[in-house]
Amino acid sequence: MDEARLLAQRARSGDMGAVVYFLGVVRGTEAGAAISAIEYEAFQRMAEHQFNLLFDELERRWPIESVRLVHRIGVVKVSEPSLWVEVVAPHREEAFAACQWLIEELKRVVPIWKKPLL
């Protein structure tokens with residue numbers, strides 16, 4: 001995941017006053033046990049469908065200008081990012097709320113599975 005490239009590609013209008021982005025990083029423990037990485041698997045077509053439904057709902061709930069999301073698939077080592085989310089909105093309250101809602105919902109409904117690796 002090239003975070004610098006993602007940030008450089010950001011586009012926003014002059015009416016937007018908040019850009020919130022979240023970087024989810026693999027921790028060194030899972031369920032109390034030390035791990036070296038997490039392997040992520042996804043049902044690609046269904047995951048994309050669910051993401052699109054979430055983006056539509058996000059836009060109905062908050063006046064956001066854009067949302068971008070990258071979730072890595074495959075083996076992601078400890079301390080490496082597995083998730084990057086960006087929300088652009090007129091105000092920080094909307095941007096933070098939308099970003100947090102999106103992360104919680106993606107964990108709940110998007111078919112991405114993780115397997116800790118020792």
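Before I turn to the structure itself, let me fix one term: a residue is called exposed when its relative accessible area is over 50%, buried when that value is under 20%, and partly exposed in between. Please also keep in mind throughout that what you have in front of you is a predicted model.

With that cut-off in hand, let me start with A31, which sits in the loop between strand 2, residues 29-30, and strand 3, residues 33-34. The relative accessibility of A31 is 84%, so this residue counts as exposed. A31 also has a positive phi of about 55°, although it is not a glycine. As background, most residues other than glycine have a negative phi. S79 can be described in a similar way, with a positive phi near 80° in a residue that is, again, not a glycine. S79 belongs to the loop between strand 6 and strand 7, and because its relative accessible area is 58%, S79 is exposed.

Let me now step back to the whole chain. The protein has three helices and eight strands, and, read from the N terminus, these elements follow one another as α-β-β-β-β-α-β-β-β-α-β. The C-alpha trace spans about 45 × 30 × 25 Å along its principal axes, and of the 118 residues in the protein, 39% are buried.

Next, the sheet. Three strands form an open sheet in the order 6-4-8, and the pairing in it is antiparallel. Strand 6, residues 74-77, and strand 8, residues 112-117, stand at the edges with a single partner strand each, and therefore one side of each is left without a neighbour in the sheet. From one strand to the next, the twist averages 25°. In general, the strands of a sheet pair through backbone hydrogen bonds, in either a parallel or an antiparallel manner. Here, strand 4, which covers residues 37-42, runs antiparallel to strand 8 and is joined to it by six bridges. If you would like a specific pair to look for in the model, I38 has P116 in strand 8 as its bridge partner.

Staying with strand 4, I would like to ask which residue has its side chain joined to that of Y40 by a polar contact of 3.4 Å. The residue is S82, and the contact runs between the two side chains. Y40 has its place in strand 4, while S82 lies in strand 7, residues 81-89. Are these two residues buried or exposed? Y40 counts as buried because its relative accessibility is 8%, and S82, at 7% relative accessibility, counts as buried as well. Y40 has a further relationship that you can check on the model, since its C-alpha atom and that of R72 are separated by 7.2 Å, although the two residues are 32 residues apart along the chain.

Finally, let me move to the surface. F43, M46 and W113 make a nonpolar surface patch of about 320 Å². Of these, F43 is found in the loop between strand 4 and helix 2, the helix covering residues 44-61. Because its relative accessible area is 42%, which falls between the two cut-offs I gave at the start, F43 is partly exposed.

To close, I would leave you with two places to revisit in this predicted model: the side-chain contact between S82 and Y40, and the surface patch made by F43, M46 and W113.

Key. Residues numbered from 1 in each chain as written. Predicted model: local features only at pLDDT ≥ 70, side-chain atom pairs only at ≥ 80, totals over all residues. Heavy atoms only, no water. Pairing = 2+ DSSP bridges. Helix = DSSP H or I, 4+ residues; strand = E, 2+ residues; numbered from the N terminus. Axes fitted to C-alpha atoms, helices over the stretch in contact; angles between N-to-C directions. Patch = residues over 30% accessible without salt bridge, like charges linked within 9 Å, V, L, I, M, F, W, Y side chains within 5 Å. Areas by Shrake-Rupley, 256 points an atom, 1.4 Å probe, with all protein chains shown as cover. Salt bridge = Lys/Arg side-chain N within 4 Å of Asp/Glu carboxyl O. Buried < 20%, exposed > 50% of the residue type's maximum accessible area, 1.4 Å probe, protein only. Polar contact = N/O pair within 3.5 Å; in protein donor to acceptor, adjacent residues only side chain to side chain.
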